[in-house]
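Please open the model in your viewer and keep the selection panel at hand, as this tour moves from one selection to the next.

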Amino acid sequence: MVTDGAATEAARVLIAADKFKGSLTAVQVAERVTAGLRRIVPEAAVETLPVADGGDGTVAAAVAAGFERREVRVTGPLGDELTAAFALRDGTAVVEMAEASGLQCLPDGVFAPLTATTYGSGELLRAALDAGARVIVFGVGGSATTDGGAGMLAALGARFLDAAGQPVGPGGGGLRDLATADLSGLDERLARTEIVLASDVDNPLTGPKGAPAVYGPQKGASPEDVATLDAALAHYATVLEAAIGSRAADLALSPGAGAAGGIGYGALVGLGAGFRPGIEVMLDVLGFADALSRATLVITGEGSLDEQTLHGKAPAGVAAAARARHIEVIAVCGRLTLPPEALGRAGIRRAYALSGLEPDPAVSMAQAGPLLERLATEIARDFLL
């Protein structure tokens, strides 16, 4: 174990940090921290393993770990065509719904809370099946959508029809007109594929803690829109219950059903997915255990270390795994709101924040790279010398 000021000639550092959203990718965080450490200790043994918790940046983390990046043209959340990517290695695909249906796919300032569709996420899953994937890790988060995964399922062969026998409109708003659901046409390869729903969200589909109420406002939903979407998703679950039985109603209440605007529900009810906390899944997929076995000090982090971090975000998952091996963990972040006691309970020895060097958030985000290198020099002085 590394201690402050102690000589640690054989220190082996593992950098396993998530992105600083809006400033640095997880890969860039690792590069900047490495540069800062080696500015003070040029011979420092550093291994990097960018991580993600299933949300945006998950495919990039997989590619950095050696997966092959595959690109495909899919339908964006507004119905326009865009290029999205998934990652593939040895029959395992990492698919990130935000690549096809995320807020990052929307023009600045444009939201479509009632009509944004997950159809492109279904196309992305189909592309992974076409590429021969036998296991699909489906990372969900950062969505622009609240359609319960209906668009995704439609892209994979399901049919959602109104009273006139016509397909309902896109998005959660279209589900108000849903009369019948038919999942019999779903791609038969799904039954032979292990699908893991990777998310840090354990909300149910509807209700006060459901997808529309909790996450709808982030996607531009007004209070009236939230009420409309909540009612539409409840109706959607009722129609699915009539189509496939009580399992549809049970799954609407299960953890993860409300993930990414309810796409979690679509994955559980239609794809036979199993739910696991996103960071646990990704650490397994990325080979974190092997990398951790070579480390004596771990540096993790994300843009904001706050109360949400403690509930399934990447730094908490990294710290828990390292603590189980009795390996010290340091965190870097843009902003820190957790007190030392909370960090300690999470297994994080100390946190270094960019805000400690630059209090102006706009400047801190714009200069995140150089500031992070400076923080890393402090870490090197405190823990590597």
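Before selecting anything, bear in mind that this is a predicted model. Begin with Y265, which is buried, its relative accessible area being 0%. Add Y236, which also counts as buried at 0% relative accessibility, and look at the two rings together: they form an edge-to-face aromatic pair, 5.8 Å centre to centre, with 75° between the planes. Because Y236 belongs to helix 8 (residues 223-244) and Y265 to helix 10 (residues 259-270), the pair ties together parts that lie 29 residues apart in sequence.

Next, bring in F160, which forms one aromatic cluster with Y236 and Y265; a search of the whole structure finds two aromatic pairs.

Staying with Y236, show what surrounds it: leaving aside neighbours within four places in sequence, Y236 is in contact with residues including D147, G148, L153, L175 and L178, as well as F160 and Y265.

Now select the whole of helix 10, where twelve of the twelve residues are buried, so that this helix is largely enclosed by the rest of the structure. Among the buried residues are I263, L268 and V269. Just beyond, helix 10 is followed by G272, which has a positive phi, near 70°.

Finally, widen the view to the largest nonpolar core, which has 56 residues and in which F138, F160, Y236 and Y265 are those with the most contacts. Helix 10 supplies the largest share of this core, seven residues. For a last selection, pick A16, A87, L283 and F288, which are included in a second, separate core of 41 residues.

Conventions: Residues numbered from 1 in each chain as written. Predicted model: local features only at pLDDT ≥ 70, side-chain atom pairs only at ≥ 80, totals over all residues. Heavy atoms only, no water. Phe/Tyr/Trp six-rings, centres within 6.5 Å; stacked < 30°, edge-to-face > 60°. Helix = DSSP H or I, 4+ residues; strand = E, 2+ residues; numbered from the N terminus. Buried < 20%, exposed > 50% of the residue type's maximum accessible area, 1.4 Å probe, protein only. Core = buried A, V, L, I, M, F, W, Y, C linked by side-chain atoms within 4.5 Å. Contact = heavy atoms within 4.5 Å.
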